[in-house]
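Work through the exercises below with the sequence and coordinates open. Try each task before reading its solution.

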There are 2 protein chains.
Amino acid sequence: MPQPKLSKLELKIMAALWTKGALSVREIQEHFPARRRPAYTTVQTMVYRLEAKNALRRTKKIGNAHIFDAVISQSAAQSKLIDDLLGLFGGRAQPLMSHLIESGQLTLADIEEARAALRDSAKKE
Amino acid sequence: MPQPKLSKLELKIMAALWTKGALSVREIQEHFPARRRPAYTTVQTMVYRLEAKNALRRTKKIGNAHIFDAVISQSAAQSKLIDDLLGLFGGRAQPLMSHLIESGQLTLADIEEARAALRDSAKKE
DNA sequence: TAGATTCTCCTACACATGTAGGAGGTCGCC
DNA sequence: GGCGACCTCCTACATGTGTAGGAGAATCTA
């Protein structure tokens, strides 16, 4: 059970914990934009499922409410998402790059930054 | 119903059509690696569902078998996948780039290629 | 301390996805 | 012209995901 798959809503729950730290179910629920905020018990169900997946855990109790914190890190979750996507492309990053460029979502500055990062990591080898 | 959501298995069906052109259900099924090849009717069900989503269509009939061809292009499907992923990252491509570099899935050649492509598209503007 | 509030835990349900079997139609061949 | 192979279409079912209600326990407040 290393990297369990997290659904979209599960990721939003985790996002709340990643940005705000340990939270109660109520606080997680309130982290959603008011317009499309799920019911309290909906958030609770997802939290329970994430707990079963060991993506988060109960850390303490305040009053009668449990406080939950992330077990899986944001970068680990993101890595899994990216790797899964790449898997669908036969493991090649190139189609991804092409799309990002064509849709203007990748700037020259991003590329330069990536280039620099790559040079640095190559130097370390 | 512009870009319907395609599941993983649905994408594999589409992949067969994208690489081989119009195919029968049998041919699509045989496009799967023999070790993890779904049952004929499994492929058929997915084809029917893709048809309902207008992702592919029947083009003709050979004997009593229908021949199917892609309606959604590979690049359109890939774009949707990438955009959806990016949406989970708040629309920023940078975490994606970082991960690709750290995991060694982005080579210097890829970067140079991207840089050249970006220069070209900038020139056209 | 009793009522209001808030939580927990359990249960339910609809839709999507992956998987496949069975009934019956159609074809090609002997 | 009949038979086996192959195809279509319908149906079913388990699991995952999003959604939420209800019963009852714990806590707060007047």
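## Exercise 1: the α4 pair

In α4(A), Leu81(A), Leu85(A) and Leu88(A) meet Leu81(B), Leu85(B) and Leu88(B) of α4(B). Contact here requires C-beta atoms, placed from the backbone, within 7 Å. Helices (H or I, at least four residues) and strands (E, at least two) are DSSP runs, numbered from the N terminus.

The model is predicted: local features need pLDDT of at least 70, side-chain atom pairs count only at pLDDT 80 or more, and totals for chains, interfaces and linings use all residues. Residues are numbered from 1 along each chain as its sequence is written, while chains are lettered from A and ligands numbered from 1 in the order in which they are written.

Task: find how the axes of α4(A) and α4(B) cross, and classify the contact residues.

Solution.
- Step 1. The axes of α4(A), residues 74-88, and α4(B) come within 11 Å and cross at roughly 180 degrees. Axes are lines fitted to C-alpha atoms, for helices over the stretch in contact, and angles run from 0 to 180 degrees between N-to-C directions.
- Step 2. α4(A) is therefore roughly antiparallel to α4(B). The classes are: under 35 degrees roughly parallel, over 145 roughly antiparallel, 65 to 115 roughly perpendicular, the rest oblique.
- Step 3. The contact of α4(A) with α4(B) has six nonpolar, no polar and no charged residues. Ala, Val, Leu, Ile, Met, Phe, Trp, Tyr, Cys and Pro count as nonpolar; Asp, Glu, Lys and Arg as charged; the others, Gly among them, as polar.

## Exercise 2: the chain interface

Task: how many residues does each chain bring to the contact, and what operation lays chain B on chain A?

Solution.
- Step 1. Chain A and chain B bring 27 residues each.
- Step 2. On the chain B side, α4 (74-88), α5 (94-102) and α6 (108-124) each supply at least two residues. α6(B) gives the most, with eight.
- Step 3. That side of chain B has 19 nonpolar, six polar and two charged residues.
- Step 4. A turn of 180 degrees and a shift of 0.1 Å along the axis lay chain B on chain A with an RMSD of 0.3 Å. The superposition is by least squares on the C-alpha atoms of residues with pLDDT of at least 70 in both copies.
- Step 5. The two copies are thus related as by a two-fold rotation axis. In chain B, the C-alpha of Ile111(B) is nearest the axis, 3.6 Å away.
- Step 6. Both copies use the same surface: 100% of the contact residues of chain B recur in chain A.

## Exercise 3: helices α1 and α3 of chain A

Task: at what angle do α1(A) and α3(A) pack?

Solution.
- Step 1. α1(A), residues 8-20, packs against α3(A) at about 90 degrees, with the axes 10 Å apart.
- Step 2. The two helices are therefore roughly perpendicular to each other.
- Step 3. Leu9(A), Glu10(A) and Ile13(A) of α1(A) meet Val43(A), Met46(A), Val47(A), Arg49(A) and Leu50(A) of α3(A). These residues divide into six nonpolar, no polar and two charged.

## Exercise 4: the strands

Task: give the strand order in the chain B sheet, then the bridge partners of Ser24(A) and Lys60(A) in β3(A).

Solution.
- Step 1. In chain B, three strands form an open sheet in the order β1-β3-β2, with antiparallel pairing. Pairing needs at least two DSSP bridges between two strands.
- Step 2. β1 (23-24) and β2 (56-62) of chain B are at the edges with a single partner strand each, so one side of each lacks a neighbour in the sheet.
- Step 3. Six bridges join β2(B) to β3(B), residues 65-70. One of the pairs is Arg58(B) with Phe68(B).
- Step 4. In chain A, Ser24(A) has Ile67(A) as its bridge partner. Ile67(A) is also the partner of Lys60(A).
- Step 5. β2(A) and β3(A) form a hairpin with two residues between them, and Gly63(A) in the turn has a positive phi of about 65 degrees.

## Exercise 5: the DNA strands

Task: which residues come closest to DNA strand C, and which to DNA strand D?

Solution.
- Step 1. Near means a C-beta atom, placed from the backbone, within 6 Å.
- Step 2. Of the 21 residues around DNA strand C, the closest are Ala65(A), Ser7(B), Leu9(B), Ala39(B) and Thr41(B). α3(B) gives the most, with four residues.
- Step 3. DNA strand D has 22 residues around it; Ser7(A), Leu9(A), Ala39(A), Thr41(A) and Asn64(A) come nearest. The largest share, four residues, comes from α3(A).
- Step 4. The surface near DNA strand C has six nonpolar, 11 polar and four charged residues; the surface near DNA strand D has six nonpolar, 12 polar and four charged.

Note on methods. Contact = placed C-beta atoms within 7 Å.
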